[in-house]
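Reader: I should like to learn how to read the features of a structural model in order. Could we begin with strand pairing and proceed from there?

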Amino acid sequence: MSPPLTLAERIRSVAALQPDAEAIEQGGAWHTWQEMATSISQLEEIIGQSGLGPGTEFGMLLRNRPHHIHAMAAVLASSGTIVTMNARQPAARTEAEIAELRLPAVIVDRSDLASPELATAIGRSGALGIAIDRAELSTFANPSFDPPAATGDGGIAVKMLTSGTTGPPKRIAFGAQSLKDSVLGAARLMAGPSNRRAGEEPELLLRRGIIANWAPVEHVSGMWRAIEHMTEGRRLCLLETFEPSEWARVVKTYGVRMAMLAPTTMRMLLDSEVTPVDLASLKGVTAGTAPLSVDLEREFEETFGIPVLPAYGATEFPGNGAGWTLADHERFGASKIGSVGKARPGVRIRVVDQSTGEPVPAGGVGLVEILARTPATPPGEQPDWQRTADLGWLDEDEFLWIAGRADSAIIRGGFKILATDVVRVLEQHGKVKEASVVGLPDERLGAVPVAAVIPYSMQAAPTAGELEAHCRAELAAYMVPAEFRVVEDLPRTSSLKVSMPAVQDLFVESG
């Protein structure tokens, strides 16, 4: 058996198999593998001319566009490291993040340079600026660029900001080899039984399967599918945002058999004119990113006749966690609806007491912990148990059930919001003395944040418009509260702590 390829080698090899073959589709237009190979060559030339080397960290302001996937492939094929940045956050926050990270290079869409402040921020940080469009990767003027004296060893593929599931948000470093093995292993699991021996890599070829991806590529779900495309040789149909009729067109046109949806996108499909005939090729859909209600799961299955396979995971353990299979759905689908499935192969899940940390017996509610080798696990080291902020229990058949959150997180359409982050921004407003942010149930998005604030003076209280504008200047759009309420005081418990249920009642009563 030949030695396994590195992540960089495999991406280069896949791109070179059939250069003129279809690789990425968006809006009905196909882009070829040659375009990816060209991006790899262009970045290689830029690296050589600029004095950068293997292991260089490239900040990337990513969007779901074909040339962005090509640029990602170019960084990984050059043994560089992708440092993800959120293109949905306010421009001022992006500029501050560039200044904080002080990366050797920053890659942005050429359209982003319409904002002179962004180019200025890159220049001030000392980074090499690289612009991407469909035709090329090219540098733009940065007189302060100074090549770093040393670079890494190329062992880290991605540094991705977590949503804070296991603690405060932090950047998780995914090792190149571990990430490649995890992606290929997960793809093999979804493909079903195989004659391939354990540890043997999939053959280098372009596969017939289609990946229909709408998930943002700067987040783990979208990133995972982009890397599966590069390493497995599967065609990628890329949606910049989820739009029901466009997603259904992709499924129907290309006969997609398995796809990923979130509760929000399932509701959007149910509320659209998409019919069961449009989705007839689907054998199942995995459902992740946010809690899925039993009512929504049943309605989707009854409407479209497609098995829903809930999954459970986080940025810290992509491709792992728990999930349903078609075989489990056939056997247990009716009796265990509401569960997020069983632990994936190679994964252990336990539930521990919140106070003692000791495992609880089957049926007992506690904090969910996961033991899994992930792309972040250093080679040669054994993984540790990772505690999540989710409450749940395991039943006698080892199916996992999620009971809620132990923290203040609000899941809005698959995007996780920590209430404390929004409170911090609101309390920076000059007219706000104290704020409280809670989540309210929402049929389409799962939950939305709402905010109650105490002003320094009721006579000079901020308006809802002022509070919204302040939040939009500091937060990503999905983090901005859907409603604001100015109050003389917040409802409190006998110990004078803010009562979150009572804050929720303020909005329920007013709605």
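Author: Two strands count as paired if DSSP finds at least two bridges between them. The model shown here is predicted. In it, strand β1 (residues 22-26) and strand β11 (residues 235-238) run parallel and are joined by two bridges.

Reader: Which residues of β11 are the partners of E25 and I24?

Author: E25 has C237 as its bridge partner in β11, and I24 stands opposite L236. On strand β10 (residues 210-213), which pairs with β11 in the parallel sense over four bridges, I210 has R235 of β11 as its bridge partner.

Reader: In what order do the four strands of this open sheet stand?

Author: The order is β2-β1-β11-β10, and the pairing is mixed. β2 (29-32) and β10 are the edge strands, each pairing on one side only. On average, neighbouring strands of this sheet are turned by 20° against each other, direction ignored.

Reader: Which strands of the sheet does α3 touch, and which does helix α7 touch?

Author: An angle between axes runs from 0 to 180 degrees between N-to-C directions. α3 packs on the sheet with contacts to β1, β2 and β11, and its direction makes about 140° with that of β1. Helix α7 (residues 220-232) also packs on the sheet and touches β1, β10 and β11; its direction makes about 155° with that of β10.

Reader: How should one read the nonpolar core, and how many residues does the largest one have?

Author: In soluble globular proteins, nonpolar side chains tend to be buried together. Here the largest nonpolar core has 52 residues, and F58, M60, I69, M72, I82, I130 and M230 are those with the most contacts inside it. Helix α3 (residues 66-77) gives the largest share of this core, eight residues. A second, separate core has 31 residues, including W214, A259, M260 and V308.

Reader: Which residues does I69 touch, leaving aside those up to four places away in sequence?

Author: With that exclusion, I69 touches I24, V217, A226, H229, M230, L236 and L238. Two of these names have already appeared as a facing pair, since I24 stands opposite L236 in β11.

Reader: Let us turn to single residues. Is L137 buried or exposed?

Author: A residue is buried when its relative accessible area is under 20%. L137, in strand β7 (residues 137-140), has 7% relative accessibility and therefore counts as buried. Leaving aside residues up to four places away in sequence, the contacts of L137 include S39, L43, A71 and I130. L137 and S39 are 98 residues apart in sequence, with 6.5 Å between their C-alpha atoms.

Reader: What is the relative accessible area of A311?

Author: For A311, which lies in strand β14 (residues 308-312), the value is 26%, and the residue is partly exposed. Beyond residues up to four places away in sequence, A311 touches A287, G288, A322, G323, V340 and R344. The C-alpha atoms of A311 and T94 are 31 Å apart, with their positions 217 residues apart along the chain.

Reader: What is the order of strands in the open sheet of three strands, and why is one side of each edge strand left without a neighbour?

Author: The order is β23-β24-β25, with mixed pairing. β23 (432-442) and β25 (483-486) each have a single partner strand, so one side of each lacks a neighbour in the sheet. Neighbouring strands here are turned by 25° against each other on average, direction ignored. Strand β24 (residues 446-455) pairs with β25 in the parallel sense over four bridges, and V450 stands opposite E483 in β25.

Reader: Which helices pack on or lie across these strands?

Author: Helix α12 (residues 419-426) packs on the sheet and touches β23, β24 and β25, its direction making about 145° with that of β23. Helix α13 (residues 464-474) lies across β23, β24 and β25 and runs at about 125° to β25.

Reader: Finally, how does the radius of gyration of the chain stand against that of a compact globule?

Author: For 511 residues, a compact globule would have a radius of gyration near 24 Å, and the chain agrees with its 24 Å. Of the residues in the chain, 52% count as buried. The secondary structure comes to 14 helices and 25 strands.

How values were computed: Residues are numbered from 1 along each chain as its sequence is written. This is a predicted model: local features need pLDDT of at least 70, side-chain atom pairs count only at pLDDT 80 or more; totals for chains, interfaces and linings use all residues. Side-chain values use heavy atoms; hydrogens and water are left out. A nonpolar core is a set of buried Ala, Val, Leu, Ile, Met, Phe, Trp, Tyr and Cys residues joined through side-chain atoms within 4.5 Å. Buried means under 20% relative accessible area, exposed over 50%, partly exposed in between (1.4 Å probe, protein chains only). Contact means heavy atoms within 4.5 Å. The radius of gyration is taken over C-alpha atoms; the globule rule is 2.2 Å times the number of residues to the power 0.38.
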